[in-house]
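Here's a quick briefing for anyone meeting this structure for the first time. Have a look at the sequence and the 3D view, then read on.

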Amino acid sequence: MLHLTFDVKIERPRGTRDFLPDEMEKRRAIERVMRRIAESYGYREVLTPTFEHLELFTIKSGEGIVEEIYAFKDKGGRDLALRPELTAPVMRMFVNECTGMPKPLRFYYFANCFRYERPQRGRYREFWQFGVELIGSNSYLADVEVISLSYEIMKTLKLKFDLHIGHVGLLRHVLRDLDEKKAERIMRLIDKKDVENLDRFLDEIGRTELKDVIYTLMELVGGLDVLDEAKEIVRDFDFSYIERVAQTLESLDVEFKVDLGIARGLDYYTGIVFEAYAEGLGAQNQICGGGSYRLAHLFGGEDTPATGFALGFDRIAEICEIDVERPKKVVVVSFKGLEIEAWRIANMLRDKAVVVTDVMERSVKRQLSYANDIDADYAVIVGERELKEGKVTIKNLRTMEQRTVKMEELLSEL
Ligand code: HAM
């Protein structure tokens, strides 16, 4: 047979990453913490398809996201898109499958998302989100619950972060007499804190008088007293909802700042919005985003209130210093002809440890050196003479102590 080798190395696509075992172990350890906490609040896991009809995301996900979507036509000519996030898919699933279920519904997900963004540190074209959606309640308690849950996850992971909470209704109220397109554009620019273009746009549409109030709100970040200041600026907005949420969170010892400039990058938010920013990440420092929204009626269901958040898993993995618990690693080393015995001993030990055996037909010396290379804790050496007496040799590769023990004692030696 003819084998051809080519010189071109195939690289992975831009904005994607490979994850090697050390990193995967860390990521799984973080994921386990997130799952455990979400489950302890009664959230249950769901999973939706990796791709959806493009329309699902263009209906209400915002100008920003539409430009960033991985959209394509399948062989049947359908317009599809890789999911850029999971809130719209989960709400589609809710409308399709779950409307008869007792409310509120508590769902969580951990899945990859795709956005055609310019890759940079902390910003990828394939990334993972861990998120929750609490569906069916319009009480302030629902917002309090999801915010507390995100806070507890970030605290448990010992992240250094600032949690900011706002209400998107306030900015929308300020922009209420603008048409939707203009208002959304302004919201986008506020979300990006792009004051230069915001200034230009407000001039362009002849609404310079809005500058003062918008810029002041964008800078209103602080304790609950910020709300009193805002009341002076926007007199006809009802602050009671955000006040209630903020007061309740304060009583629950959640540390946060009121931030009335949060606009969020997605258009579906209707009420409370929140974001968390972490230290040590550079420009892409937002590790959590969420808020309350209404989407079900756009997907053919009844108008249903919902609230939730998504944590940027990759950004969190980058800064989180979690202890990864590694099980003991054992290499069962066998002399030639004793492979089956070695295999049996390995199987017996696998209840308690990670056990590898030789699959290269190496010499005992080379097997032992491999055990060192892979940082094993123990080598169990299976030799003819010991085996006849029902014994094996166990070598602690950290202390280099070596003992010959009875087979029955082997498990308790680890
Ligand atoms: P989002 O703010 O667009 O919200 O994304 C949530 C988090 O995903 C961000 O805070 C960020 O950490 C992470 N993220 C976003 N884009 C990238 C990227 N290109 N690379 C790495 N990480 C990224 C949502 O997606 C909403 N669905 C959240 C939500 C759930 N709202 C209500 N329920």
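**Salt bridges, ligand and surface**

R294 and D303 pair up in a salt bridge, with their closest N and O atoms 3.2 Å apart. Keep in mind that this is a predicted model. The bridge is one of 34 that the structure holds, and below you'll find a few others, plus the ligand's surroundings and a patch on the surface.

**The R294–D303 pair**
- R294 is partly exposed, as its relative accessible area is 28%.
- D303 also counts as partly exposed, at 45% relative accessibility.

**Other salt bridges**
- Helix α7 (residues 180-191) holds both E184 and R188, which sit 4 residues apart, or about one turn of the helix.
- The side chains of E184 and R188 meet in a salt bridge, at 3.7 Å from N to O.
- Are these two buried or exposed? E184 counts as buried because its relative accessibility is 9%, under the 20% cut-off, and R188 is buried too, with a relative accessible area of 5%.
- K231 and E243 form another salt bridge, and here the closest N and O atoms are 2.5 Å apart.
- That pair ties together distant parts of the chain: E243 belongs to helix α11 (residues 240-251) and K231 to helix α10 (residues 225-233), with their positions 12 residues apart.
- K231 counts as partly exposed, with 29% relative accessibility.
- There's a network as well: salt bridges link R28, E31, R35 and E45.

**Around the ligand**
- The ligand has 27 residues around it, and the closest are E85, T87, E117, Y269 and Q286.
- Sorted by class, that shell has 11 nonpolar, 9 polar and 7 charged residues.
- On the side-chain side, a polar atom of R115 lies 3.0 Å from a ligand oxygen atom.
- Backbone atoms join in too: a polar one of Y124 is 2.8 Å from a nitrogen atom of the ligand, and a polar one of F309 is 3.3 Å from a ligand nitrogen atom.
- On its own the ligand has 660 Å² of accessible area, and the protein covers 96% of that.
- Which elements give two or more residues to the shell? They are β6 (126-135), β11 (286-294) and β12 (305-312), and β11 gives the most, with 7 residues.

**A nonpolar patch on the surface**
- W343, V359 and M360 make a nonpolar surface patch of about 360 Å².
- W343 has its place in helix α13 (residues 339-349).
- With a relative accessible area of 45%, W343 is partly exposed.

Conventions:
Residues are numbered from 1 along each chain as its sequence is written. This is a predicted model: local features need pLDDT of at least 70, side-chain atom pairs count only at pLDDT 80 or more; totals for chains, interfaces and linings use all residues. Side-chain values use heavy atoms; hydrogens and water are left out. Patches are made of residues with over 30% relative accessible area and no salt bridge: like charges are joined within 9 Å, nonpolar side chains (Val, Leu, Ile, Met, Phe, Trp, Tyr) within 5 Å. Accessible areas come from the Shrake-Rupley method with a 1.4 Å probe; for residues, only the protein chains shown count as cover. A salt bridge is a side-chain nitrogen of Lys or Arg within 4 Å of a carboxyl oxygen of Asp or Glu. Buried means under 20% relative accessible area, exposed over 50%, partly exposed in between (1.4 Å probe, protein chains only). A residue is near a molecule or strand if one of its heavy atoms lies within 4 Å of it. A polar contact is a pair of N or O atoms within 3.5 Å; within protein, one must be able to donate a hydrogen and the other to accept it, and residues adjacent in sequence count only if both atoms are side-chain atoms. Ala, Val, Leu, Ile, Met, Phe, Trp, Tyr, Cys and Pro count as nonpolar, Asp, Glu, Lys and Arg as charged, and the others, Gly among them, as polar.
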